[in-house]
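Hello,

Here is the structure you will be working with. Please open it and keep it beside this email while you read the notes below.

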Amino acid sequence: MRIKEGELMISSRSTEYINRKLAGTHMILLNFAGILSSEAKRGATWRDRTSHARQSIHSGVDGRGRDLTIYLAHGVKYGAVLEEGSPPHIIRPKNKKALYWSGAAHPVKMVNHPGTRAHPVLENTLKNNKNRLMENVSDWWASE
């Protein structure tokens with residue numbers, strides 16, 4: 001190591017070592033992202049109608065170098081409603097004067113929706129695996 005005008009110079013071997021550790025960290029996160037995605041799909045507590053919500057749960061790693069982010073996400077527009085639920089609300093027609101669906105006795109001007117129960121599968125999966133992920137990354141950086 002050499003010091004030059006107040007800067008700390010790092011040898012090329014040290015830089016290579018750090019780059020290998022960063023690349024390894026990226027691979028650990030990618031592997032773990034797949035595990036999280038599979039676990040979230042298995043742990044989803046909602047009742048499937050089309051399986052699109054379950055199938056669209058996805059994960060990955062964003063970023064390069066030292067700025068890496070692991071993510072787990074829904075791939076459907078209503079993913080936030082599945083995850084967080086919804087409060088009671090009124091449904092009104094957008095383009096017509098009334099709402100009607102198969103099995104309804106007659107068209108109606110509005111429907112009082114009771115709300116939707118939350119199914120926080122992504123949040124629970126991340127919470128349940130946070131410590132294990134941190135241990136894996138810490139062990140990687142502690143190893144020679």
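**The largest pocket**

The residues lining the largest pocket fall into three classes: four are nonpolar, three are polar and three are charged. Please keep in mind that this is a predicted model. The lining is made up of W46, R47, D48, R49, T50, S51, H52, A53, Y78 and L82. The space inside the largest pocket comes to about 260 Å³.

One of the lining residues, S51, has a backbone feature to look at. S51 is not a glycine, yet its phi is positive, at about 70°. You will find S51 in the loop between α1 and α2, where α2 covers 52-55. S51 counts as partly exposed, because its relative accessibility is 26% and the partly exposed class runs between 20% and 50%.

**Salt bridges**

How many salt bridges does the count come to? The count is two. As background, side chains with opposite charges can pair when their charged atoms come close.

One salt bridge joins the side chains of D48 and R54, with 2.5 Å from N to O. D48 is also among the residues that line the largest pocket. With a relative accessible area of 28%, D48 is partly exposed.

The side chains of K127 and E123 also meet in a salt bridge, here with 2.9 Å from N to O. Where do K127 and E123 sit relative to each other in helix α4? They are four residues apart in this helix, which spans residues 121-142, and so about one helical turn separates them. K127 is exposed, because its relative accessible area is 56% and the cut-off for exposed is over 50%. E123 has a relative accessible area of 40% and is therefore partly exposed.

**The largest nonpolar core**

The largest nonpolar core has 17 residues, and the members that touch the most other members are A40, W46, I57, L72, V121 and L122. Two elements, α1 (12-43) and α4, give two or more residues to this core. The largest share comes from α1, which supplies five residues. W46 appears here and also in the lining of the largest pocket.

Which residues does L122 touch, leaving out those up to four places away in sequence? They are A40, I57, L72, A73, H74 and E83. Of these, A40, I57 and L72 are also named above among the core members that touch the most others.

T125 belongs to helix α4. Is T125 buried or exposed? T125 is buried, because its relative accessible area is 5% and buried means under 20%. Once neighbours within four places in sequence are set aside, T125 is in contact with L36, E39, A40 and L72. A40 and L72 are thus contacts of T125 and also contacts of L122.

**Positions in α1 and α4**

K21 lies in helix α1. Its relative accessibility is 3%, so K21 counts as buried. Not counting residues up to four places away in sequence, K21 touches W140, W141, S143 and E144. K21 and G65 are 44 residues apart in sequence, and their C-alpha atoms are 9.9 Å apart in space.

A23 is also placed in helix α1. At 43% relative accessibility, A23 counts as partly exposed. Between A23 and R66 there are 9.5 Å in space, C-alpha to C-alpha, and the two are 43 residues apart in sequence.

S138 is in helix α4. S138 counts as partly exposed, since its relative accessibility is 46%. How far apart in space are S138 and P88, C-alpha to C-alpha? The distance is 44 Å, and in sequence the two residues are 50 apart.

**Where to start**

If you want an order for viewing, begin with D48, which lines the largest pocket and pairs with R54 in a salt bridge. Then go to L122 and its contacts, including A40 and L72. Finish with K21 in α1 and its contacts, among them W140 and W141.

Regards

How values were computed: Residues are numbered from 1 along each chain as its sequence is written. This is a predicted model: local features need pLDDT of at least 70, side-chain atom pairs count only at pLDDT 80 or more; totals for chains, interfaces and linings use all residues. Side-chain values use heavy atoms; hydrogens and water are left out. A salt bridge is a side-chain nitrogen of Lys or Arg within 4 Å of a carboxyl oxygen of Asp or Glu. Buried means under 20% relative accessible area, exposed over 50%, partly exposed in between (1.4 Å probe, protein chains only). On a 1 Å grid over the protein atoms alone, a cavity is a set of points where a 1.4 Å probe fits but cannot get out, and a pocket is an open set with protein on both sides within 12 Å along at least five of seven lines; lining residues have an atom within 4 Å of a point. Grid points are joined across faces, edges and corners, and a volume is the space filled by probe spheres set on the points. Ala, Val, Leu, Ile, Met, Phe, Trp, Tyr, Cys and Pro count as nonpolar, Asp, Glu, Lys and Arg as charged, and the others, Gly among them, as polar. A nonpolar core is a set of buried Ala, Val, Leu, Ile, Met, Phe, Trp, Tyr and Cys residues joined through side-chain atoms within 4.5 Å. Contact means heavy atoms within 4.5 Å.
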